[in-house]
Amino acid sequence: MATFLYKLGRLAFRRRHFVALIWVALLTLAGVGAASAPTAASSSFSIPGTEAQKAFDLLDERVPGASADGAGARVVFKAPDGEKVTDPANKAEVHKTVAALKSGSEEVASAADPFQAKTVSKDGSTAYSSVSYKVTSMELTDESRDALEKTTDDARESGLTVEVGGDALQAMPETGATEIIGIAVAAVVLVITFGSLVAAGLPLLTALIGVGIGVSSITALANALDLGTTTSTLAMMIGLAVGIDYALFIVSRYRGELADGRDREEAAGRAVGTAGSAVVFAGLTVVIALVGLAVVNIPMLTKMGFAAAGTVVIAVLIALTLIPALLGYAGKKVKPTGEKGKLLGGGKNKAADPEKAAAAAPAKEPKANLGTRWARFVTRRPLAVLLVGIIGLGAAALPVSSLELGLPDDGAQPTSTTQRKAYDLVSDGFGPGFNGPLMTVADLKGADDPKAAAQQITKKISGLDDVLTVAPPMINKAGDTAIISVVPSSKPSGTETEGLVHSIRDAGGEIKSDTGAEVMVTGTTAMNIDVSEKLNDALLPYLALVVGLAFLLLIVVFRSILVPLKAALGFLLSVLAALGAVVAVFQWGWLGSLFGVEQTGPIMSMMPIFMVGVVFGLAMDYEVFLVTRMREAYVHGERPGEAIVTGFRHGARVVSAAAVIMIAVFAGFIGSSEQMVKMIGFGLAIAVFFDAFIVRMALVPAVLALLGRKAWWLPRWLDRALPNVDVEGEGLRDVADKAAEGDRELARV
């Protein structure tokens, strides 16, 4: 592989006009496609195989007007102190507002009158109107949201306190500012790393081109493939991360090859042949992690994974072709490693041609940088470093033992939001369970007496624990389906409510044998519970698939059993430590005020599997780039300890820069007002920190130092069976020698 990539790098360097033209054409084509594509509706959310989804489908078939999976809003009215909502003036204002809600948008299916629906608190101070929509919250238009907000704003002018809960106002959080902050931090880190604006600008430019092509392609295909806005958001985040990383690796290796005295075309070829090989395999591990999300069997998550994986493939191809082409355009503006650009005071009193000056200068022992000094320290005290690292990460992982998973409701919103205010008003006026009523659906087709069966179901549910009220059953015109609303005593995200859902479902078997009716529980609360359970059940198979495939891939890359095993175990340790930190901050509330956590609660159920997918890909990037440089030195004759130091001398600075960039990008999301976005940003940032700076920079060299030559052991039978991908670039020596002989023959002629 190294030989093929070496030739590809030299070809791209020589034919840079052609390569650049191809990528510009692809970017233009994707941009035109995105601009001319029809506006896509938001991706529909479904969870195949769950009882909640089965009930939704049944209602769509038999009671289309129910809009079971449609968006919902709860408009809460509270009378001024000393008054009641039932007072004539306040009652008239509520009627007026409900009428405005019905006529405010064509997407509104119904808006209940609180006085007819009997949703007025016992003390008469609070009432609420339930508004249901014909489409899901992700498909709801901005016009409908604006109409809802305008109607409630008008009602507030009468003196009533009016707040809105539910998912109707749930829009995708804006992330543009955080992306700009991340790019700005990346630019600063790259300038410090390279000491040159041109060298620093190349990774940013190519990453933006890759993200532009990927996101534009997703936008162009969104309508045809039913892709939502979250798909392009994940693709943008991952594409930007790996795009900068991969370009950073290759540009850094190119500068190192220049420092060894090679001409620019040869340096470009060798950079792509060696660092490019690491990029290919690092990219493959990311693709495996993202495509593996299909194991969860949630269509939206699967599409997000495939789209992000496509963006990663684009990032790899750009790193292998466009980077060497742009290096050809940059010429002498990209300096060899160790030589400062004009930005940091370089270029003064230098020879006119730095390549000639480098060739004329006597060879010197490279100056020990921070990475070299750290690697020597670790190799002298590997056991101490290993114990400190494992104990530290183990302590951080301890809170995982009390991890509670769920999907956040309006109770997790900041106290300043209307959703949280509405949640609190309902809890105070009616009870916390009214914020998440359960929709029980009864299929009465198999019942001899449908009405009697519906009444029996209602009576059975009323006798269960944690049930506050059960509404009379609403039977459709055909008489074959009933909807029964059940209000729990506890809040929607509480474990008691989850227990009630399971109790109703367990009682369904007895009900079916007695009446012939099938009972299912659905609604937002039940759907959240089912999503959480589905994600929990998929976590171990997903881990086994992703880590297993990557383990096999890394065996091929490193030609070792113990090195890939160490990489996988280190990753699991860093993810557990990061999850422990998330639990401590967002579930226990430790340092919560520092990160703007206003309400503690269960951890988002998607968090573990999401962290595994994203962090695994990035962790393997650092592992492959750092350890391939060590293996390269070992294969070329250095002792194991020397190879570790060599790998750190060349790779530690680059891996550190890549990790700092990723931490900055993810940490930018901590400032979001959305609890979910804040949690994702914190979790990913702390996971990258643990993995890059503790696992890869401390535990990896410590383990390799302890293992010595055994680290690179591979059974002979397996060595013969595995393909030789030559990530170390051993085959490049023969290619370079043949090229040199060809040049000498031409010189004789």
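Is R74 buried or exposed? At 12% relative accessibility, R74 is below the 20% limit and therefore counts as buried. The model in view is predicted, and R74 is a handy place to enter it. The residue sits in strand β1. Leaving out residues up to four places away in sequence, R74 touches ten listed partners: Y128, S129, S130, E163, V164, G165, V426, F434, N435 and P437.

Step back to the whole chain for a moment. It has 24 helices and 11 strands. Of its 749 residues, 55% are buried. Consider the contacts with a separation of 6 or more in sequence. Residues 24 or more positions apart account for 79% of them.

Now return to β1 and its sheet. Strands of a sheet pair through backbone hydrogen bonds, either parallel or antiparallel. Here the sheet is open, with four strands in the order β2-β3-β1-β4, and the pairing is antiparallel. Which strands stand at the edges? They are β2 (108–111) and β4 (161–166). Each has a single partner strand, so one side of each is left without a neighbour in the sheet. On average, neighbouring strands are turned by 20 degrees against each other, direction ignored.

Look at the pairing of β1 with β3. Strand β1 covers residues 72–78, and strand β3 covers residues 126–133. Seven bridges join these antiparallel strands. To find the register, start at G72, which stands opposite S132 in β3.

Two helices meet this sheet. Helix α6 (residues 142–156) packs on it and touches β1, β3 and β4. The direction of α6 makes about 155 degrees with that of β4. Helix α15 (residues 418–429) lies across β1, β3 and β4 as well. Its angle to β4 is about 100 degrees.

Move along the chain to strand β9, residues 481–488. Seven of its eight residues are buried, so β9 is largely enclosed by the rest of the structure. Which strands pair with β9? Strand β6 (residues 438–443) does so over six bridges, in the antiparallel sense. In that pair, M439 stands opposite S485. Strand β7 (residues 467–470) is also antiparallel to β9, with three bridges. There, T469 stands opposite V487. Strand β8 (residues 474–475) runs antiparallel to β9 too, joined by two bridges. Its I475 stands opposite A482. Strands β8 and β9 form a hairpin with five residues between them. In the turn, G479 has a positive phi of about 75 degrees.

Next come two helix pairs. Two packed helices are described by the angle between their axes and the distance between the axes. Take helix α16 (residues 450–462) and helix α17 (residues 495–515). Their axes come within 11 Å and cross at roughly 145 degrees. The crossing is right-handed. On the α16 side, the contact is made by A453, Q456, I457, K460 and I461. On the α17 side it is made by I504, A507, E510, I511, D514 and T515. By class, this contact has six nonpolar, two polar and three charged residues.

The second pair is helix α18 (residues 524–558) with helix α19 (residues 562–587). They pack at an angle of about 145 degrees, and their axes are 8 Å apart. This crossing is right-handed. From α18, the contact uses L543, V547, F551, L554, I555 and F558. From α19 come V563, P564, L565, A567, A568, F571 and L572. What classes of residue make this contact? It has 13 nonpolar residues, with no polar and no charged ones.

F571 leads on to the core. In soluble globular proteins, nonpolar side chains tend to be buried together. The largest nonpolar core of this chain has 172 residues. Those with the most contacts inside it are Y246, I250, Y254, F571 and F666. The largest share of the core, 19 residues, comes from helix α20 (residues 607–635).

Finish at Y246. Leave aside its neighbours within four places in sequence. Y246 is then in contact with V279, A282, G283, V286, V312, A315, V316, A319 and D621.

Technical notes:
Residues are numbered from 1 along each chain as its sequence is written. This is a predicted model: local features need pLDDT of at least 70, side-chain atom pairs count only at pLDDT 80 or more; totals for chains, interfaces and linings use all residues. Side-chain values use heavy atoms; hydrogens and water are left out. Axes are lines fitted to C-alpha atoms, for helices over the stretch in contact, and angles run from 0 to 180 degrees between N-to-C directions. A crossing is left-handed if the near helix is turned anticlockwise from the far one by less than a right angle, and right-handed if clockwise. Contact means heavy atoms within 4.5 Å. Ala, Val, Leu, Ile, Met, Phe, Trp, Tyr, Cys and Pro count as nonpolar, Asp, Glu, Lys and Arg as charged, and the others, Gly among them, as polar. A nonpolar core is a set of buried Ala, Val, Leu, Ile, Met, Phe, Trp, Tyr and Cys residues joined through side-chain atoms within 4.5 Å. Buried means under 20% relative accessible area, exposed over 50%, partly exposed in between (1.4 Å probe, protein chains only). Two strands pair if DSSP finds at least two bridges between them.
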